Every structure is written in structure tokens, then in C-alpha cells.
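Visitor: Please take a close look with me at the salt bridges, and then at what surrounds them. I am in my first year, and plain words would help.

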Amino acid sequence: MKKLMFICVLLLSVIVSAQPAKELRDGTVSGRVIDASLNQPLPYVNVIIKTTANQTITGGITKDDGTFEIKSIPEGDVVVSIQYIGFKTIAKTVSVGKNGYDIALGDIMLEEDVASLDEVTVVAEVTTIQQKVDRKVINVGKDLTTTGPTASDIMNNIPSVNVDQQTGNISLRGNENVRVMVDGKLSNVPIAQLLKQIPSTSIKQIELITNPSAKYNPEGMSGIINIILHKNTNIGFNGNINLGLTKEIYAKFNSSIDLNYRNGKFNLYGSYGNNIGKSANYGSIERLDDNSEQLFDFFNNNKSHLYKVGLDFYMNDNNTVSFFTNQNIYDGFGAGTTGVLYPNQPLQQQIFDNDTQNLSSQYNGVFNHKFKKEGEKLDIEADYSVFSQDEIANFNFQNFSFPPNYSDFVNTDRDQTTINVDYVNPLSEKAKLEIGAEARLFDTKIEYTSTGLSVNENQDNIPNNGDEYIPTPQTDFSYKRDIYSLYATYGKTFEKWSYQVGLRAESVMEDANAFRTLENSTENTPFENDYFQVYPSVFLTYSPSDKNSYQMSYSRRVDRPGLQQVNPIREWSTPLISSFGNTELQPQFTNSIEANYTRKLENGSITGGVFYRLVEDEINRAVFIDRLDINKNILTYDNFDNTTAFGIELSSNFRPTKWWNFNASFDLYSRKQKGIAETLTAPTNVATVDDIILETIEVDNLVWNFRMFNNFKATKKLNLSVFTMYRGEEKGLQFTRKPMFMVNTGLRYSFLEDDRATFSFNYSDIFNTMKFEFEGDRPTPQAGQFNWESNSWNIGLSYRFGGGKYRALQRKNRDDNEKDGSGGFI
């Protein structure tokens, strides 16, 4: 019997082995991706095909109509992952072969995600604005990058943000006490210069965090502006190229290239961007008390080169190491003439030129560990950056009795080290605890020498001959600030409610020293300021339905004096005005309350909000009359009493038709400012120091702004756009700025396979209405205006190449709470 069974089994195996092998076939997965809130197709969405073990097989992106078709999928169970920035990822498991070989998924609805995703996306045609729980996110599209070659050019198109075209200073909700970061990192480069060095085509997103939680660094009274740069993490070798040219009077050229290679456990990426060009601006200030006039004519020729190289090493599923470095080389040359014209007198002129060169370097390393528990992780990051700058400025004077011609030499060296440890633990499905520690060490040294003469400050009276002049003292200024902090936040979600509470504690040690070498002596001015502060935050969110969301928040923040505000070395000078810092400035503290409401509409969304701020020991401008020459003024900074500010904001994304969509925003804010200024009670030609009156000024200011960007889809490949902006009158401590108005128009045309190439043309300020016009009474009655190259045209060309995309390293930027692997900027 046993032999019979053995023979039967053997015969059966022979029969089975003799059957022809089943032929394996490849399958196809297709479908269409829809924006759930707008009910519109989403182009350029990542569609990734993975194994059930989470290994990538192939992928692609959706077309303009939101459809996709992925071929050559091996037989068996696979996971179709639909990924798009700002939206929740959808994963569907399908069986190729078992359910057929041509699988149609139909319409896939993507919903917005309140947490940011760190995926790399193809730059969309149109800029979109998302209102998230604690921030407003502007996804920069090609329409916005065509407005100008630099970050400074596109900032004025962002809701609630303004850039002073003369100084380059940036403000949020009408306040310049805002912290600007790049990829969640503070920069050693001065903000005005930083914005002009970043190519607009390198920007992926701009985040407006108006009321940050205790997890973030508490600096910036009006909040944080975080600029996120592109990082490419495509499979294989790929990248993109951008070229741009802008011109009114002079031509300005910008370009960038991003390259990436991803294979296995390594992801290597690099990029290069530049801004090269000349620019001009001019203006005049008329003094009404003596009928004098200052005439300004400035020229700049700047070159900026930004290099970035990085490597991500995926050790295993739970451990990742990443490193990147940024190198920025800047070479700037400026020249100009400031003329002073008095009635019946020859024209007096200050002719100057300055040559500025700097190198900024940043080195960043991150270790990320994921625990077995879902969502539990540990991040350790070290960041080191250095900045060195040499500046030579030459001043020549015509028809001035003083000063004689001279040259200034300024050398600046700064370094900053930041070390972060952050731990996240989801205590349950609805509760999360986050704790962390940070050390930030900042050190700067500035050396100033001059070939010129200065007034001897020991003279009792205003000098009247050369005996009262001495060689300008050499000044060495050092400033060191070390900050050590701990934070903890706890959040919990109920059915329709969620809340988060947090507390950050910081110990700050400041040490400054101004060392002046006089003709026969030295002068040392040390300053120390150590303090401890806690910064609480509370967030409360109520979502009664998918279409309605309410949020309230409170936070306490700090504005530590900036380097230019404490630096006693002269920052800039004209024949009648000089600007200096105040070494003894104290920090100011802000208590901020916000309430926001978001409503999702059938074809868009609308967001409204109100805010209130109480500022303690406000830092502001102080204007004094130079005791050594009462025709001149000194600008510096000081601390003042508590002030308040409040305002409202409205913004909307809407698509009235399939061929027209727009973004619009309106903001109105009221702000009280306090400052110190001096005025003369007698005409300058006969006034003495006894005629100077010191007064505290309080200004109540009500300002409103409106912006609207319209995009018209003329054809499948051609888009037309119109942008308009109105900025209302604004009162300041020294003057009142008149309203400003601008209209831009442009077009974008996509071509080549999968619309990989885009040509754009933009014409800015088509009516040539943009100018900085002002009038004031302090310290003397005056009126004036400044103009720049606003009436300009821009052409751009971009081309992308490479394969499908998928999620990259989840690096947490603890300054902005965004997971973005792009690394920092200098």
C-alpha cells in the first residue's frame, strides 16, 4: 500500500511539473486626482507604486486634467500612494492580476492636511495660499517668481508683508520687528541683504507664522516669516533649470540649477543660484524751514552666488543621517551723489562709492531616530554658520567746509552655533507631548577705521576752525549673546475640539564692548545684560464641520535688539544725517492674542482674523539734533513705554470659473508708536543749542492694504495674470508715508512633453505709479520722494527633468515646526 501511495505521489508531481508555467503579466493603474475642497483636478500630483514592504517600484505625476496612468506594474499586491504637498496622503492596496491587469481607481479626492508635508513638488503655475492651524502658507508658483529676480521682489506680493524699497527692511502687519528665517534657520546675513541675495526661483514656500507656539524661538514681535527653499529628492538623476532677465534702466540677470541623485540608501543633491545686475534709484527731500533741498542719485552693481550641497543617508527604516552646506558669495559696488542746495548758494555735493564683499558659510548635520511606537521620534541637529565682510567706502565733498574727503574701512566677522535636541511622543491617538532643548551661541566682531576727521567732542562750543577737529577714532566693537532654552508642549484632540499648551524657558547672557582709540587715549564702553524669561502659549481650535474652523491663540514673545541697533559704529551717513546704534538697548516683550475663522466654499475658501498686541519696553527710533552741528541730525534707538496694536485680516482663494481663479487679501491695523525727537524753536541759521527742545512723540496709526492676484487660463498651455496692490497712508515718528498703488500683468506658456518647460513674461508697475512719497515735521518740516526701477519687464524660462517623486527625509525645523529636508540658508 505504501509503495502504491509513493508511486501515485511521484506520478502526480511529474504531471504537475510537465504543465506549462503560468506567464506573468504587467498591469496598469489609472485614475484622476481631485482637490476635495475646490472639486477641481490637481495637476503634478505624485503617484508612487510601492510593494507591500514599502519599496518603490515606479511612479509618475498627474497631467493638467488630474489624470494619471502608470504602466509596467508587476503582478501581485502593490500600494498606490497619492502624495501632494499640503494634502493628506492616500494609499490604496490593489492586486494586479487577481483584480485584473488594467485597474481603474476612478476619482481620488485629496483633502488638505493641517500638518506640512516635506515632499518635493513640481512648481505649480499659480501661487496658492493655505490657512493652517498656526500659520499661513504661500506655495510659490511660477506666477509669483516672474514678478522679480529676488526674494525681496516677490515679498510685496505676499499678504500682510511689506518691503521698504529704500532700506530693504521687511515688515509684517506693519511692524518691522519680525524674525525672518530661511528653512527654519536664522541667518548671519543682514535681512535686507539676505532678501536680495536669494533667487526667487529657489523659493518653494513662504510661511507667515503670526502667533508661534512655545516650541518656536520666541523672537519677533509680529511673528516669523519663514522662507523654504526647494530641495529635489527624485528617484534617479533629475533636476531643473531657471533663467531670468529683468530690465527698466539696467539689466538684472538671475539663474538657478538644481540637481539630485537618489539611489538606494543615499540621496545626493546640489544647487546653484545667482543674481547679477545693476540698479538705480533716486529721490529728493525738501526742507520747508530754510527752503533747502537734498537730491539723491544712487547706483548699485551687485553679484550674488549661492551654492548648496547635501547628502541624506538612510541607515535603515528608523535611523537617518543628513548633512548639507550652503556657501554664499556676495560682491557689491555702490556709488551715488547726495546734493544739498540752499537758496542763492552753490550746490554742495557728497560723492561716495563703496565696495562690499562677503562670504557666508553654513554647515548643518541632523540625526533622526524613529522609535517602534508610531510617531515617537528623536531629532538631534547641530548648525554652524560664519559670516565675514569687508567694506571700503570713499567720500568726496564739493563746496563743503567740513568734512574733508575721507575713506571708511569696516571689517565684520560673525559666527553662530545652534544645537537642538527634540523629542516627540504621541501619548495616545489624540494626545501628543513634545519636549526639547536648544543652545544658541552668537558672536560678532566689527573693526572700524577711517582716514577722516571728526569734531572734537570735548569742545564746549560748536567748532569754527580746523583746531577743533581730530582724527576719527578707531572703533572695535564686540557683541556676544548666548541663549539656553527648554520647552514643552502638550496637545490633545476631542471630537470637534483640540488644544495645545506650551511653555518655553530661556536664559540669556549678553556681553558687549565698544573700544575706541582716540588721538592720545583710549575709551572702553562695556555693557552686560543677563536675564531669564518664560514664554507661554495656548492654542484652541474648534471645527464643527469640515467646512468651518475656528481658532484662538495666545503667546508671549521677545524682540532682542538687532546688531545694527546696538552697534555704536556709524551705520550710514549723508551730509545732514548720521545713523548710530545704542549699545544699552533692552529687549522688548510682546503679548499677542489672535482669533481666526476659516470657511471652505464650493470653489474656494475664505479666512478672517483679528489680533491684539501689547508691547512692553518698545524699541523704536530716536531722532536727535547733532550738538556739534545743529544743521545735522542723529538717528539712533531707545526703549519707550508700553504700546498696543490691533487689526483685522481677510483673505480668500476662489475659482469663479474653470478659466479664472484669484487670491485676494485685505488687512487693516491700528498701532500706537512712541519715540523721542528734538526740534528747533528758531531758524537753523541763527539757532543755538539752547533752542533745542526734546519731546516724546506718540503716533496713532490706522493703515489698510489690499492685494489681488488674478489668473486666467486662456488655453491649456497659456495663462494670463493681473496683479494689483494698494497700500494705504502710514504715519511714522518722523514722517507720514503717502499711499502707494501698483498694477502688474504677465503671461506664462508651457511647452514640451509633460509641460516640462515654461516661458514667462511679466510687466511690473505698468502705470509707473510706485514711489515712496512722504512729508513730516520732525526734526524739521520736510517733504520728499524716492523712486526706483519699478516700471520693469521680466522674462523667464524654466525646464525640469527627471522621474517620479516621493517623500524624502523628515527633518524637523524646530524654528518653524515644519518637516522640510531642504536645509538652511547661511
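Guide: Let's begin with a term that we will need all the way through: a residue is buried when its relative accessible area is under 20%, exposed when it is over 50%, and partly exposed in between (1.4 Å probe, protein chains only). This is a predicted model, in which local features need pLDDT of at least 70 and side-chain atom pairs count only at pLDDT 80 or more, while totals for chains, interfaces and linings use all residues. Residues are numbered from 1 along each chain as its sequence is written, and side-chain values use heavy atoms, with hydrogens and water left out.

Now to your part. The structure holds 17 salt bridges, each one a side-chain nitrogen of Lys or Arg within 4 Å of a carboxyl oxygen of Asp or Glu. One of them joins the side chains of E789 and K252, with 3.3 Å from N to O. These two partners come from distant parts of the chain, 537 residues apart: E789 sits in the loop between β46 (782–788) and β47, and K252 belongs to strand β17 (residues 251–263). Strands such as these are DSSP runs of E, at least two residues long, and helices are runs of H or I of at least four, numbered from the N terminus. E789 counts as buried because its relative accessible area is 11%. K252 is buried as well, because its relative accessibility is 17%.

Another bridge pairs E506 with R504, whose closest N and O atoms are 3.2 Å apart. Both of these residues are buried. A further pair is E729 and K738, where the side chains meet at 4.0 Å, N to O. Here the surroundings can be read from the accessible areas: E729 is partly exposed because its relative accessibility is 36%, and K738 is partly exposed because its relative accessible area is 23%. Some bridges also share partners, and in this way E438, R440, R504, E506 and R560 are joined into one network. The pair E506 and R504 that we met above belongs to that network.

Let's turn to the surface. A nonpolar patch of about 840 Å² is made by I241, L243, F253, Y749, L752, F759, F761, W793, L797 and Y799. Patches use residues with over 30% relative accessible area and no salt bridge, joining like charges within 9 Å and nonpolar side chains (Val, Leu, Ile, Met, Phe, Trp, Tyr) within 5 Å. Three strands, β16 (236–247), β44 (757–763) and β47 (793–801), each supply at least two residues of the nonpolar patch. Of the contributors, β47 gives the most, with three residues; β47 is also the strand on one side of the loop that holds E789. Look next for L243 in strand β16: it is partly exposed because its relative accessible area is 42%. L752, another member of the patch, lies in the loop between β43 (740–751) and β44. The phi angle of L752 is near 70 degrees, a positive value in a residue other than glycine.

You can find that kind of backbone angle at D617 too, where phi is near 55 degrees, again in a residue other than glycine. D617 is in the loop between β34 (604–616) and β35 (619–625). It is partly exposed, because its relative accessible area is 38%.

There is a charged patch as well: K63, K71, K713 and K716 form a positive surface patch. Its K63 lies in the loop between β4 (56–61) and β5 (67–73). K63 is exposed, because its relative accessible area is 55%.

For a contrast with K63, go to S95 in strand β7 (residues 90–96). S95 is buried, because its relative accessible area is 13%. Apart from neighbours within four places in sequence, S95 is in contact with G76, D77, G100 and I103, where contact means heavy atoms within 4.5 Å. The C-alpha atoms of S95 and P74, 21 residues apart along the chain, are separated by 9.9 Å.

Finally, step back to the whole protein. It has five helices and 49 strands, and 53% of its 826 residues count as buried. Of the contacts with a separation of 6 or more, 66% are between residues 24 or more positions apart. The protein exposes about 36,100 Å², with carbon and sulfur atoms supplying 56% of it; such areas come from the Shrake-Rupley method with a 1.4 Å probe.

How values were computed. Lys, Arg positive; Asp, Glu negative; His and termini not counted. Charge placed at Lys NZ, Arg CZ, Asp CG, Glu CD.
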